[in-house]
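Thank you all for coming; I would like to walk you slowly through one chain this morning, strand by strand. Please have the picture open as I speak.

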Amino acid sequence: MPRILENVHSSTAIETNYQRKLFRHGQYIYLFYVQEIGGEAGLFYRFAGSPEGLAAAPELPATTPQPNGWKEGRQYVLHYDAPRARVGLAWVNHLAGGEDEPCFRYGDLQDDGSILWSAEHRTTANAYSECRTPAVTCDEQGYWGVLCAARNDVAHHLLFTYSANAAPSARAHWTSREGMDLFGAVETSDHYRLGSGGSPAGFTAFYKDGDQLTARLWNGASFSEPYRLENIAVRDTEISAAVNDAGGTLHLAFFSRDNNSLQHAVFFPADGRWETRLISDQLPSSASSPSLQIDSEGNLYLFCRLTAGQQILYFNNRDGQWQNKSRELSGDLAAAYQQLNNTPTTAAWDARAVLVAWLNITPGDPSKPGRNELWTDQIELPLRPPRAAFRADKTSCQAPCQIAFTDQSVAGSGALAEWNWEFGDDRSAAEQHPRHQYDNPGEYTVKLTVTDVNQISDAEEKVAYIRIEAPAPQEFECHPNRIYTMLCYLAGWLSGVVMFFFKRKEPCIVFHALQSLFTFLPLNAIHYLIIKNQETGASLFGSTASLVLLVVTALIWLVMITTTLSDIMLKLPLTGGLAAKIAFPDGRLPKNMRKLF
């Protein structure tokens, strides 16, 4: 439920939406507004831990009230420098003599919510007959820039730059107190904005050149050539403030003159390129005052007002596309008002909430005076869950195998805080990018569960993602002691038996011993049977067979004895294969093993 802060004494307390008038830093929400009391005008602020708390928060001065100060609330702007916990203010003092002087100060945000302010400084050495609404921002190095339209004899758009590296109590140092002219003598207008970007020490100035939105980059010494957004004309002064995303790209919103469409303009300072994206072409011509903000995750939020009916319109871009969320507004945000007076303004931060402020001017009557009502409300955003994703540097290898897993998860509304990996082999890890070793062959399912700071989880599971193969046979050679190898054959199968039991833990000797046993034992057995057969009845066939068998046995013995003197392991047919299976059960055979034929 929004709260009326008070009956503010300025009907333009937060009128202009071009720069944010409210923001959140840490646990505190800050709201800045103009008060005009007793002929004096000044900028005030409140801070509290919630929108409701702003109503009871004390009113604190942000500037020194001026007797003939701001005639309009639009004459001040502020920029919240989140990385450095600072806020910069730029405003125009209307002096008693009718002249205007642009002014600036900045403050450091303290842990207790208070602001330690610098001194107030004029941005220029001279006052001007007229100064229009300034624009202010901060570049990547912490330098402030103030852009305003100023007139003496002729009109100029001047950029003033300020070194804010000193403490707030130190004297301000303006590096360009006379100002750098943006584009020469032109008619003064409110058609300009200022954003950081283009270089580490630079700003981007946006303005209307005719009806074209134009950008020029300031590099610390001069302005670049103009970069114009072609083919779409800007309606009146309907341009939002420029906001930066994490990549340095600048975003603005504006209404098109030709069809009243609401457009999202994207400027890329690196190459001076423009892009436009349609937000809505279904709005009536009474829609105006776009107020654009970006949160820490790059989501965009846009509010504007509908003059016919005095209602607030709301759009967001949280998933890469613009959506009209106006019908989802409820309560006082969805109500009709008497006069919204160029509001609302908005602030967004960690993708969990959007803060909105608006000013409603109620007309007076004889029984009740009119009021300037300053309202705030917070739109709670649905928490987006994280999206788990991962990859492995390889998905197939031989055991043992070490695999590097890379987390590719995308955070939702909160930063990722926990990672739980399950590798499918009853082991797990809690690192973001683990390395894991698989020792055994098989297929493994891998699962990653991520949890963010909001305790919202998501998981990705890849079934049979990792395939581990058995290790390939490793090549080796057998070079046993040659004497032992010769002894395996020296006495035929008998020496083979002896060497088998004597060297049974040495596979290379075992092979020769078994090959000798399997070869010569059958040969000797057959020879024995032939001789026994001759004893019962001599025959020419038996004598011949016996002789042939003796010759074959002798030749085999001679070949085997000879090869033992070399590096070659000779494998005989049949008997050699059987011996190899027993000696080398894993199937891996020595590289120096050769078949006889």
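Let me begin with strand β21, residues 234-239, which pairs with β23 in the antiparallel sense over two bridges. For our purposes strands are DSSP runs of E of at least two residues, helices are runs of H or I of at least four residues, and both are numbered from the N terminus; two strands are said to pair if DSSP finds at least two bridges between them. Within this pairing, V234 has S256 in β23 as its bridge partner.

Before going further, I should say that this is a predicted model, in which local features need pLDDT of at least 70 and side-chain atom pairs count only at pLDDT 80 or more, while totals for chains, interfaces and linings use all residues. Residues are numbered from 1 along each chain as its sequence is written, and side-chain values use heavy atoms, with hydrogens and water left out.

Staying with β23, what else pairs with this strand? Strand β22, residues 243-244, pairs with β23 in the antiparallel sense over two bridges, and there V243 is matched with H251. These two strands form a hairpin with five residues between them, and in the turn G248 has a positive phi of about 90°. Strand β24, residues 262-268, is also antiparallel to β23 and is joined to it by six bridges, with A253 of β23 facing its bridge partner H264 in β24. The hairpin of β23 and β24 likewise has five residues between the strands, and here N260 takes a positive phi near 60°.

Is β23 itself, then, largely enclosed or left open? Seven of the seven residues of β23, which spans 250-256, are buried, so this strand is largely enclosed by the rest of the structure. Buried here means under 20% relative accessible area, exposed means over 50%, and partly exposed lies in between, calculated with a 1.4 Å probe on protein chains only.

Next I turn to two residues with contrasting surroundings. R273 is found in strand β25, residues 273-280, and is partly exposed because its relative accessible area is 35%. Leaving aside its neighbours within four places in sequence, R273 is in contact, meaning heavy atoms within 4.5 Å, with V266, F267 and F268. Its side chain makes a polar contact with the side chain of D271 at 3.3 Å; such a contact is a pair of N or O atoms within 3.5 Å, where within protein one must be able to donate a hydrogen and the other to accept it, and where residues adjacent in sequence count only if both atoms are side-chain atoms. The C-alpha atoms of R273 and R228 are separated by 8.7 Å, although the two residues are 45 residues apart along the chain.

N360, by comparison, sits in strand β31, residues 353-362, and is buried, with a relative accessible area of 2%. The side chain of N360 reaches the backbone nitrogen of Q339 at 3.1 Å.

Now to the open sheets. One has four strands in the order β17-β18-β19-β20, with antiparallel pairing. Its edges are β17 (192-196) and β20 (227-228), each with a single partner strand, so one side of each is left without a neighbour in the sheet. Inside this sheet, β18 (residues 203-209) and β19 (residues 212-218) pair in the antiparallel sense over seven bridges, and F203 stands opposite W218 in β19.

Another open sheet of four strands runs β26-β27-β28-β29, again with antiparallel pairing. Here β26 (287-294) and β29 (323-324) stand at the edges with a single partner strand each, so one side of each lacks a neighbour in the sheet. Six bridges join β26 to β27, residues 300-306, in the antiparallel sense, and S291 has F303 in β27 as its bridge partner.

To finish, a few totals for the chain. There are five helices and 42 strands, and buried residues make up 52% of the 597 residues. Of the contacts in the chain with a separation of 6 or more, 55% are accounted for by residues 24 or more positions apart.
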